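Colleague: Can you walk me through this model? I have a few quick questions.

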Amino acid sequence: MRNYPKESKATIAVDCIIFGFDGEFFKILLIKRGFKPLRGEWSLMGGFVGNSENADQAAQRILSELTGLKEVYLKQFKTYSSPQRDPIERTISIAYYALIDIHRYEKQISEEYHAEWFIVKGIPDLIFDHNQMVDDAKQKLRYDAALHPILFELLPDKFTIPQLQHLYEQIYNVQIDNRNFIRKLNASGLLVKLNEKDKSASKKGAFYFKLNMTKYKAKFQSLLTLIPAPDNLIS
């Protein structure tokens, strides 16, 4: 088969922005880069697309190899193609964001690559254009979460309304009216109230809830409207 002799060549990579929530803080998982250039610097999870795989397969493989994480929520959101983004050679990167409950995967995180959780608001300088990728991923997550109830992917199987509200406030950097938030949640029909209470914060405690998976899947393509309309979320 003839190739394209007059066309320039480029390497294809994937980078994964892994967001997590520990019940208190919205975080991102970073690793120390394992090869030159910038070996030992903080980096997103990334790697190259193999000859026999597509970008989605590469992203899943890289997540598994670098962190031990499997079957997590993973979404492609942007391609980065600046000729200068990698000093070694022309590398086009396809970026994904992932959403996980930190406590559910604590024992699976690989120590080989020095993976470490950082509060999103306080991440260090990252290699190449990775800080820009994180900023873009946050904006895309805010937009997507306004349309679909994907933030439940960051929560444990049972959670309280205050935990859920705190998560939304962390991600959107806003104060949410408690009564209005509860009213919208009740109207959505997404939650099932449990008989158990979390009494870690007060003697009265807060009831645990779980997600109604049938309604979650049915409502996934509808607007949840727990926060401002998505047109106002991206500047």
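Modeller: What follows is a short exchange about the overall fold and one strand.
Modeller: This is a predicted model, where local features need pLDDT of at least 70, side-chain atom pairs count only at pLDDT 80 or more, and totals for chains, interfaces and linings use all residues. Residues are numbered from 1 along each chain as its sequence is written, and side-chain values use heavy atoms, with hydrogens and water left out.

Colleague: How many helices and strands in the protein?
Modeller: There are 5 helices and 10 strands, taken as DSSP runs numbered from the N terminus (helices H or I, at least four residues; strands E, at least two).

Colleague: And what share of the residues is buried?
Modeller: Of 235 residues, 46% are buried, meaning under 20% relative accessible area with a 1.4 Å probe, protein chains only.

Colleague: Is β6 mostly covered or not?
Modeller: Mostly covered: 11 of the 11 residues in β6, residues 91-101, are buried.

Colleague: Which residues point which way?
Modeller: Thr 91, Ser 93, Ala 95, Tyr 97, Leu 99 and Asp 101 point one way, while Ile 92, Ile 94, Tyr 96, Ala 98 and Ile 100 point the other, and all are buried. In a regular strand, side chains alternate between the two faces of the sheet.

Colleague: Which way does β1 run against β6, parallel or antiparallel?
Modeller: Parallel, with 11 bridges joining β1 (residues 11-21) to β6; pairing needs at least two DSSP bridges between the strands. Ile 17 has Tyr 97 as its bridge partner in β6.

Colleague: What about β5 and β6?
Modeller: β5, residues 73-80, pairs with β6 in the antiparallel sense over 7 bridges. There, Lys 78 has Ala 95 of β6 as its bridge partner.

Technical notes
Buried means under 20% relative accessible area, exposed over 50%, partly exposed in between (1.4 Å probe, protein chains only).
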